[in-house]
Amino acid sequence: MDCTFKTPEGKFNLRVGAVITDGKRVLVSKDVSHSFYWVTGGRVKLGETTEEAVLREIREELGVEAEVDRLYSIAEKFFTVDGVFYHELEYLYLIKPFDIAKIDYGAVHCDSPDISLVWLDTDTEPDMPVYPEHLFEAVRNPSGAVRIMVQKSPCLLYTSPSPRDRQKS
């Protein structure tokens, strides 16, 4: 069971994200129904540590085994999607380098056939917003201290909910 719950005021999520990089590029996902990129990751399951969750998400979405380098940040996020207010805690992990040739680019379709993986150059401004907002900073400056932050965004730019979001709502 995912660590998420609804209230009359909105929805709470406990989420993990993975910073997977080949040096200057970072791996992200995109969906035809979204107007932004996001990192590999997802909701933590009840009884699962955040580190276990990020490694499970990498296996499910990329079809590879990986190792955590370290926790990069914990972000408390507030945003609205399609009129629903979200309060989310996200643990963002730096992942140790691995053979990126082993990534199964079809595995990401476990969430939706409309999702694809994209490598973004962190020296180039992306064509859409990237979440978490500090992702490129994590690639460029992976400092030793864990960053704790609060992010308030008015809304994320969805064109429509993804099939996965519709199933989990």
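**Notebook: strands, cores and charged pairs**

I began at a strand pairing, where Phe 78 stands opposite His 87 in β7. I keep in mind throughout that this is a predicted model.

*Entry on the paired strands.* I followed β6 and β7 along their pairing and found that the two strands run antiparallel over 12 bridges. The hairpin they form has two residues between the strands, and in it Asp 82 takes a positive phi near 50 degrees. I then turned to the other pairing of β7 that I had looked up, the one with β2, where the strands run parallel and are joined by nine bridges. As a point of reference in the register, I noted that Leu 14 stands opposite Leu 89 in β7.

*Entry on backbone geometry.* I went back to Asp 82, which is not a glycine and yet has a positive phi of about 50 degrees. The residue is found in the loop between β6 (68–81) and β7 (84–95). Is Asp 82 buried, partly exposed or exposed? Its relative accessibility is 47%, so I count it as partly exposed, given that exposed would require over 50%. I also looked up the peptide bond between Tyr 131 and Pro 132, which is cis, with omega at about 5 degrees. Pro 132 is found in the loop between β9 (130–131) and α2 (135–140).

*Entry on the overall layout.* I listed three helices and 10 strands in the protein, and read their order from the N terminus as β-β-β-β-β-α-β-β-β-β-α-β-α. Buried residues account for 49% of the 169 residues. I took only those contacts that join residues at least 6 apart in sequence, and of these 71% join residues at least 24 apart. The protein exposes about 8500 Å², and carbon and sulfur atoms supply 55% of that area.

*Entry on the nonpolar cores.* In soluble globular proteins, nonpolar side chains tend to be buried together. I therefore looked up the largest nonpolar core, which has 27 residues, and noted that Ile 20, Leu 27, Val 54, Ile 58, Leu 62, Ile 95 and Ile 103 touch the most other members. Two or more residues of this core come from each of β2 (10–19), α1 (50–62), β6, β7 and β8 (115–121). Which element gives the most to this core? That element is α1, with five residues. I followed Leu 27 further and, leaving aside residues up to four places away in sequence, found that Leu 27 touches Ile 20, Leu 62, Ile 103, Leu 117, Val 118 and Trp 119. Apart from this core lies another, of 16 residues, which includes Val 19, Val 26, Val 28 and Leu 120.

*Entry on a charged residue in the helix.* Glu 57 lies in helix α1, and I wanted to know how far it is covered. Its relative accessible area is 2%, so Glu 57 is buried. The side chain of Glu 57 makes a polar contact with the side chain of Arg 56 at 3.1 Å, and the two residues also form a salt bridge, in which the closest N and O atoms are 3.1 Å apart. Arg 56 has a relative accessible area of 10% and is therefore buried as well. I noted next that salt bridges sharing partners join Arg 15, Lys 77, Glu 88 and Glu 90 into one network.

*Entry on salt bridges across the chain.* I counted 12 salt bridges in the protein. One of them is where the side chains of Asp 2 and Lys 45 meet, at 3.4 Å from N to O. This pair links distant parts of the chain, with Asp 2 in the segment before β1 (4–7) and Lys 45 in the loop between β5 (40–43) and α1, 43 residues apart. How do the two partners count by accessibility, buried or partly exposed? Asp 2, at 17% relative accessibility, counts as buried, whereas Lys 45, at 31%, counts as partly exposed.

I then looked up Lys 24, which forms a salt bridge with Asp 123, the closest N and O atoms being 2.6 Å apart. This pair, too, links distant parts of the chain: Lys 24 is in the loop between β2 and β3 (25–31) and Asp 123 in the loop between β8 and β9, 99 residues apart. Lys 24 has a relative accessibility of 53% and so counts as exposed.

Key:
Residues numbered from 1 in each chain as written. Predicted model: local features only at pLDDT ≥ 70, side-chain atom pairs only at ≥ 80, totals over all residues. Heavy atoms only, no water. Helix = DSSP H or I, 4+ residues; strand = E, 2+ residues; numbered from the N terminus. Buried < 20%, exposed > 50% of the residue type's maximum accessible area, 1.4 Å probe, protein only. Contact = heavy atoms within 4.5 Å. Areas by Shrake-Rupley, 256 points an atom, 1.4 Å probe, with all protein chains shown as cover. Core = buried A, V, L, I, M, F, W, Y, C linked by side-chain atoms within 4.5 Å. Polar contact = N/O pair within 3.5 Å; in protein donor to acceptor, adjacent residues only side chain to side chain. Pairing = 2+ DSSP bridges. Salt bridge = Lys/Arg side-chain N within 4 Å of Asp/Glu carboxyl O.
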